[in-house]
Every structure is written in C-alpha cells, then in structure tokens.
Amino acid sequence: MSNYRRPVITEGTYFITQVTYQRIPWLCSDLGRKGLREAIAKVREKYPFEINAFVLLPDHFHCLWTLPEEDKDFSVRLRLIKTYVTKHYGDQLGINAEVSRSRQKRQEKNLWQRRFWEHLIRDERDYALHCDYIHYNPVRHGLCAKAEDWQFSSIHRFIAQGQYPPDWGATEVTEKPQDIWDE
C-alpha cells in the first residue's frame with residue numbers, strides 16, 4: 001500500500017474534497033444534509049476549525065478549512081465526520097450498495113470513499129482560485145445555470161459579505177487551480 005504524505009502545517013488552510021462511495025448521490029437529501037451538518041457541529045466542539053468555503057453536491061463536497069493555531073490534524077476531523085454520519089445515519093439513509101470484502105475486513109460501510117483529496121492553500125491567489133472552484137462546481141456539474149442558484153453553497157455568504165458581486169458565476173469561471181483533482 002502507498003505511504004501517503006500529507007502536509008504538516010499548523011494553522012493551515014486546506015482545500016478538501018470528499019466523495020461518496022461509488023458516487024451514490026445521497027448527500028443533498030434531507031437526511032444526508034442533516035447528518036453531515038450535525039457531524040460537522042459535533043466534531044467542531046472537540047476539534048475546532050473554521051469553514052471558509054463549502055459546497056455540497058449530491059455525491060461529493062468541497063470545502064476550505066482553516067485549523068486553529070498549533071493544530072495540523074485535518075484528517076482526524078474528516079474521519080470523525082464520516083464516522084459520525086455513518087454511525088448515526090447510515091442505516092436510515094438506506095444506501096443499497098454492496099460492501100466489498102476489503103471494506104468488510106476494515107469494518108467500513110457503503111457511504112464514503114476511503115480516501116479524500118486535500119491541498120494546502122499556499123497564498124491569497126491560491127485561496128481565491130479554490131473558492132471560485134468550490135462555488136462554480138455545481139454549474140460545472142450541470143446542477144444549476146448560475147452559481148448563486150445552488151442552495152447548498154457558501155456562495156450566498158460570499159455575496160452577502162461583498163466578497164463576490166451579486167451576479168458572480170453567471171458566466172463561466174474558466175481558471176481552475178492547477179493541482180485540482182478532476183472529479
């Protein structure tokens with residue numbers, strides 16, 4: 001098995017993508033949203049982090065997280081979020097996907113892909129590009145015509161705070177971060 005190396009930076013900001021198991025589209029369901037929201041709140045109680053940007057799509061989510069001073073462990077946060085949703089909502093979600101032997105041996109269920117994508121944000125330009133990528137993603141996937149039309153996105157906060165103009169994302173956002181994982 002590969003030995004993945006992740007950045008070890010305290011108080012860093014990270015772009016994270018987490019995908020559902022076999023891309024089963026359950027995340028935007030009422031129960032999926034409730035479970036994820038609850039899991040994030042629970043995890044933030046013990047392991048605080050700031051959510052700078054977020055978009056929830058049917059089979060994955062993208063987010064930017066900033067960790068507190070002297071903290072570098074975004075992986076444990078994501079693991080605990082996934083575990084919470086699986087433990088408290090997995091059966092209720094009723095996902096009908098066979099669990100492989102490998103997943104059975106690891107006692108994994110059928111809600112999440114095992115791995116996730118992360119990227120350490122390097123500077124303000126990198127931050128802005130990843131915010132744009134996050135907020136334009138529903139349009140890229142054909143889920144809406146304009147970014148502000150997607151309800152499960154922090155774009156509404158960005159517009160309200162004046163970080164984006166009201167019509168941001170009405171035209172194509174063509175520049176993508178160079179290291180983005182193409183889903």
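Select S154 first, in this predicted model, and display the residues around it: leaving aside residues up to four places away in sequence, S154 touches A53, F54 and H135. S154 is found in the loop between α4 (124–140) and α5 (155–160), and with a relative accessibility of 8%, under the 20% cut-off, S154 counts as buried.

Keep S154 on screen and add the rest of the pocket that it helps to line. The residues to select with S154 are R33, L36, R37, I40, I51, F54, L56, F152 and R157, which together with S154 line the second largest pocket. Two elements, α1 (30–46) and β2, each give two or more residues to this lining, and α1 supplies the largest share of it, with 4 residues. Colouring the lining by class will show 6 nonpolar, 1 polar and 3 charged residues, set around a pocket whose volume is about 250 Å³.

From the pocket, follow β2 into the sheet. I51, one of the lining residues, has W65 as its bridge partner in β3, and selecting this pair leads the eye from one strand to the next. Strand β2 (residues 50–56) and β3 run antiparallel and are joined by 6 bridges, while the connection between β2 and β3 is a hairpin through 3 residues.

Now select β3 itself, residues 60–66, and hide whatever obscures it. On the side of β1, β3 pairs with residues 13–19 in the antiparallel sense over 7 bridges, and a convenient place to pick up this pairing is V19, whose bridge partner in β3 is H60. How many residues of β3 are buried? The count is 7 of the 7, so the strand is largely enclosed by the rest of the structure.

With the side chains of β3 shown, look along the strand and separate them by direction. H60, H62, L64 and T66 point one way, whereas F61, C63 and W65 point the other way, and the residues of both groups are buried. The reason for such a pattern is general, because side chains in a regular strand alternate between the two faces of the sheet.

The next stop is L111, in the loop between α3 (101–105) and β4 (117–120). Is L111 buried or exposed? Its relative accessibility is 1%, and therefore L111 counts as buried. Show the residues that L111 touches, again without those up to four places away in sequence: they are T20, Y21, W26, V85, T86, G90, L93 and I95. A distance drawn from the C-alpha of L111 to that of G94 should read 9.8 Å, for two residues that are 17 apart in sequence.

Finally, clear the selections and colour the whole chain by secondary structure. The chain has 5 helices and 4 strands, and tracing them from the N terminus on gives the order β-α-β-β-α-α-β-α-α. Switching to a colouring by burial, one finds that buried residues make up 48% of the 183 residues in the chain. Of the contacts in the chain with a separation of 6 or more, 72% are between residues 24 or more positions apart. If a surface is drawn as the last view, the accessible surface of the chain comes to about 10,300 Å², and carbon and sulfur atoms account for 46% of that area.

Notes
Residues are numbered from 1 along each chain as its sequence is written. This is a predicted model: local features need pLDDT of at least 70, side-chain atom pairs count only at pLDDT 80 or more; totals for chains, interfaces and linings use all residues. Side-chain values use heavy atoms; hydrogens and water are left out. Buried means under 20% relative accessible area, exposed over 50%, partly exposed in between (1.4 Å probe, protein chains only). Two strands pair if DSSP finds at least two bridges between them. Contact means heavy atoms within 4.5 Å. Accessible areas come from the Shrake-Rupley method with a 1.4 Å probe; for residues, only the protein chains shown count as cover. On a 1 Å grid over the protein atoms alone, a cavity is a set of points where a 1.4 Å probe fits but cannot get out, and a pocket is an open set with protein on both sides within 12 Å along at least five of seven lines; lining residues have an atom within 4 Å of a point. Grid points are joined across faces, edges and corners, and a volume is the space filled by probe spheres set on the points. Ala, Val, Leu, Ile, Met, Phe, Trp, Tyr, Cys and Pro count as nonpolar, Asp, Glu, Lys and Arg as charged, and the others, Gly among them, as polar.
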